[in-house]
Amino acid sequence: MKNPRISPAAPLLLALLYLCIPLARAQSDLALLARVDDHYNHLRTLRARYTERYTGMGLDRTESGTLTLKKPGLMRWSYDQPSGKVFVLDGHYAWFYTPGDAQVSRTPAKQLDDLRSPLRFLLGHTQLAKELDQIATAPLVAVGKEAPNLRITGIPKGMAQRVHALTLIVTPAGIIQSMKIEETDGSVTDFTFTRIEENAPVPASDFVFTPPPNVSIVNGVSPI
């Protein structure tokens with residue numbers, strides 16, 4: 001029995017195959033990013049319940065509340081655990097206040113370097129490919145017959161000295177369900193979003209913050 005002959009073109013075909021694999025992966029990454037971009041670029045408002053867990057610096061803390069977004073550039077995190085804690089982005093300033101504090105932190109929006117700021121890209125014309133560096137995507141394990149959620153990882157531009165990695169878990173339709181921020185000091189913050197409402201009426205008053213009486217305003221970066 002004669003040995004089968006290997007076509008001289010086989011090595012070339014294999015080389016082309018290996019070249020096509022990263023190209024196909026890159027195209028798949030871009031397609032997923034485009035679905036997320038398209039979904040949020042068609043939204044005017046978003047409201048969701050969130051759970052926030054922070055671990056690091058000897059702490060393990062879980063808080064919760066309601067997140068409200070409105071274009072252009074408005075954001076509010078209203079905590080019910082602990083009650084009354086609030087983070088407001090009014091389009092010009094970011095305000096951070098915890099009841100009982102003698103001071104409220106105020107930071108110009110353009111100078112904001114806060115763990116919540118990666119979600120600000122949803123408030124403008126979303127282009128994830130331009131908002132994140134070192135982007136990678138991967139499917140998660142499917143549950144039942146449903147299509148699996150997908151994972152997007154990257155580093156928010158301008159935050160490399162503080163953020164080691166940002167991970168978004170999104171549905172096949174491009175809806176963000178969770179966000180994980182790993183900082184360079186080893187601390188980790190996880191946000192999980194549920195009861196998501198899109199394009200619901202949101203009053204402008206939700207994004208107005210008035211410091212309580214006898215509470216001074218301090219310019220600077222908000223605390224964790």
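Here are some notes on the fold, the sheet and one loop residue of this predicted model.

1. **Overall make-up.** Let me start with the broad picture. The chain holds two helices and 12 strands. Following the sequence from its start, the elements come in the pattern α-β-β-β-β-β-β-α-β-β-β-β-β-β, with a helix ahead of each run of six strands.

2. **Burial and surface.** The chain has 224 residues, and 38% of them count as buried. About 12,900 Å² is exposed by the chain, and carbon and sulfur atoms supply 57% of that area.

3. **Contacts along the sequence.** Taking the contacts in the chain with a separation of 6 or more, 50% are accounted for by residues 24 or more positions apart.

4. **The sheet.** You may enjoy tracing this one in the viewer. An open sheet is formed by 12 strands, in the order 7-8-9-10-11-1-2-3-4-5-6-12, with mixed pairing. Its edges are strand 7 (132-139) and strand 12, each of which pairs on one side only. From one strand to the next, the twist averages 20°. As a reminder, strands of a sheet pair through backbone hydrogen bonds, either parallel or antiparallel.

5. **Strand 1 and strand 11.** In the sheet order, strand 1 sits between strand 11 and strand 2, so to speak a good place to look at both sides in turn. Strand 1 (residues 45-56) runs antiparallel to strand 11, and nine bridges join the two. Two positions are handy for checking the register: Glu-52 has Phe-191 of strand 11 as its bridge partner, and Leu-46 stands opposite Glu-198 in strand 11.

6. **Strand 1 and strand 2.** On the other side, strand 1 pairs with strand 2 (residues 59-70) over 12 bridges, again in the antiparallel sense. Here Ala-48 stands opposite Leu-67 of strand 2. The two strands make a hairpin with two residues between them. One residue in the turn, Met-57, has a positive phi of about 55°, and is worth a glance when you go through the backbone.

7. **Val-208.** Is Val-208 buried or exposed? Val-208 counts as exposed because its relative accessibility is 53%, and the cut-off for exposed is over 50%. This residue lies in the loop between strand 11 (188-198) and strand 12 (216-219). Which residue, 134 positions away along the chain, has its C-alpha atom 9.6 Å from that of Val-208? That residue is Leu-74.

Technical notes:
Residues are numbered from 1 along each chain as its sequence is written. This is a predicted model: local features need pLDDT of at least 70, side-chain atom pairs count only at pLDDT 80 or more; totals for chains, interfaces and linings use all residues. Side-chain values use heavy atoms; hydrogens and water are left out. Helices (H or I, at least four residues) and strands (E, at least two) are DSSP runs, numbered from the N terminus. Buried means under 20% relative accessible area, exposed over 50%, partly exposed in between (1.4 Å probe, protein chains only). Contact means heavy atoms within 4.5 Å. Accessible areas come from the Shrake-Rupley method with a 1.4 Å probe; for residues, only the protein chains shown count as cover. Two strands pair if DSSP finds at least two bridges between them. Axes are lines fitted to C-alpha atoms, for helices over the stretch in contact, and angles run from 0 to 180 degrees between N-to-C directions.
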